[in-house]
Amino acid sequence: MSVSGLVNAPERPLPASTRPERGKRLLDVTVAIALLVLTAPVLAVVAALVAVGLGRPVLFRQCRAGRHGLPFELVKFRTMRPMDARRGLVTDAERLTPLGRWLRATSLDELPTLWNVLRGDMSLVGPRPLLPEYLTRYSPTQARRHEVRPGVTGLAQVRGRNSLSWEDKLELDVAYVDTRNLRLDLAILGATVWTVLRREGISAKGSATAPEFLGSPR
């Protein structure tokens, strides 16, 4: 799946020596610090809303697979009630609250993830961090998404988010790995603002969020 519709990026993998990793990391840290400072009042308000609407803790913490498949703890605002079969809270649709839907639609639930960027667990742009149990389900090509740090946003997020099939999302992840550069990152960041404002592709068809990745047909 070509990335040329977003930016005039090279279609072949770049030699490792030409990849501006230091510049990318500098961009990550600079933007993450600036956003955390600028959105501090928003973070406080959202934390209060989550505390009132969902109770404590206000943060959702989950193990995700990072660069080279190494685990790290992802931090986001909570959007769901705890699983409780006695209360009929089992599926994502049952557990997701109106507040949670709004936070996901506006991507405000992702603001604490900037802390993961500062820590170096994640980058601003890259393949989205997924569950560790998916690691054994990828094809060898799909597994290449873990050659880079996962991102707060990425090529798949500005090309359709959860409206895309898993195969299309993972193909775009690998396309990003092979064509990444600072210009592409800046283009994706700019496109992300528009994607969030339009609130498109928030959930997969027939799902409150996104279905589990069970592996691609062999």
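Let's start where two helices meet in this predicted model: the axes of helix α1 (residues 21-38) and helix α2 (residues 40-54) come within 4 Å and cross at roughly 60 degrees. That crossing makes α1 oblique to α2. Which residues make the contact? On the α1 side you will find L36, V37 and L38, and on the α2 side A40, P41 and L43. The residues of this contact comprise six nonpolar, no polar and no charged.

Now turn to the aromatic rings. The structure holds four aromatic pairs, and a good one to look at joins Y134 and W166. Their rings are edge-to-face, 5.8 Å centre to centre, with 85 degrees between the planes. Y134 sits in the loop between β3 (123-125) and β4 (151-153), while W166 belongs to helix α7 (residues 166-179), so this pair ties together parts that are 32 residues apart in sequence. Are these two residues buried or exposed? Y134 is buried, with a relative accessible area of 6%, and W166 is buried too, at 15%.

Y134 has another ring partner, F213. This pair is also edge-to-face, at 5.7 Å centre to centre and 65 degrees between the planes. It links distant parts of the chain, since F213 lies in the segment after α8 (182-198), 79 residues apart from Y134. F213 is buried, with a relative accessible area of 1%.

Step back, and ring pairs link Y134, Y138, W166 and F213 into a cluster. While you are looking at W166, find K169 as well: K169 lies over the face of the W166 ring, at 4.0 Å from the ring centre.

Methods:
Residues are numbered from 1 along each chain as its sequence is written. This is a predicted model: local features need pLDDT of at least 70, side-chain atom pairs count only at pLDDT 80 or more; totals for chains, interfaces and linings use all residues. Side-chain values use heavy atoms; hydrogens and water are left out. Axes are lines fitted to C-alpha atoms, for helices over the stretch in contact, and angles run from 0 to 180 degrees between N-to-C directions. Helices (H or I, at least four residues) and strands (E, at least two) are DSSP runs, numbered from the N terminus. Angles under 35 degrees count as roughly parallel, over 145 as roughly antiparallel, 65 to 115 as roughly perpendicular and the rest as oblique. Contact means heavy atoms within 4.5 Å. Ala, Val, Leu, Ile, Met, Phe, Trp, Tyr, Cys and Pro count as nonpolar, Asp, Glu, Lys and Arg as charged, and the others, Gly among them, as polar. Rings of Phe, Tyr and Trp (its six-membered ring) pair if their centres lie within 6.5 Å; planes under 30 degrees apart count as stacked, over 60 as edge-to-face and the rest as tilted. Buried means under 20% relative accessible area, exposed over 50%, partly exposed in between (1.4 Å probe, protein chains only). A charge sits over a ring if NZ of Lys or CZ of Arg is within 6 Å of the ring centre and within 35 degrees of the ring normal.
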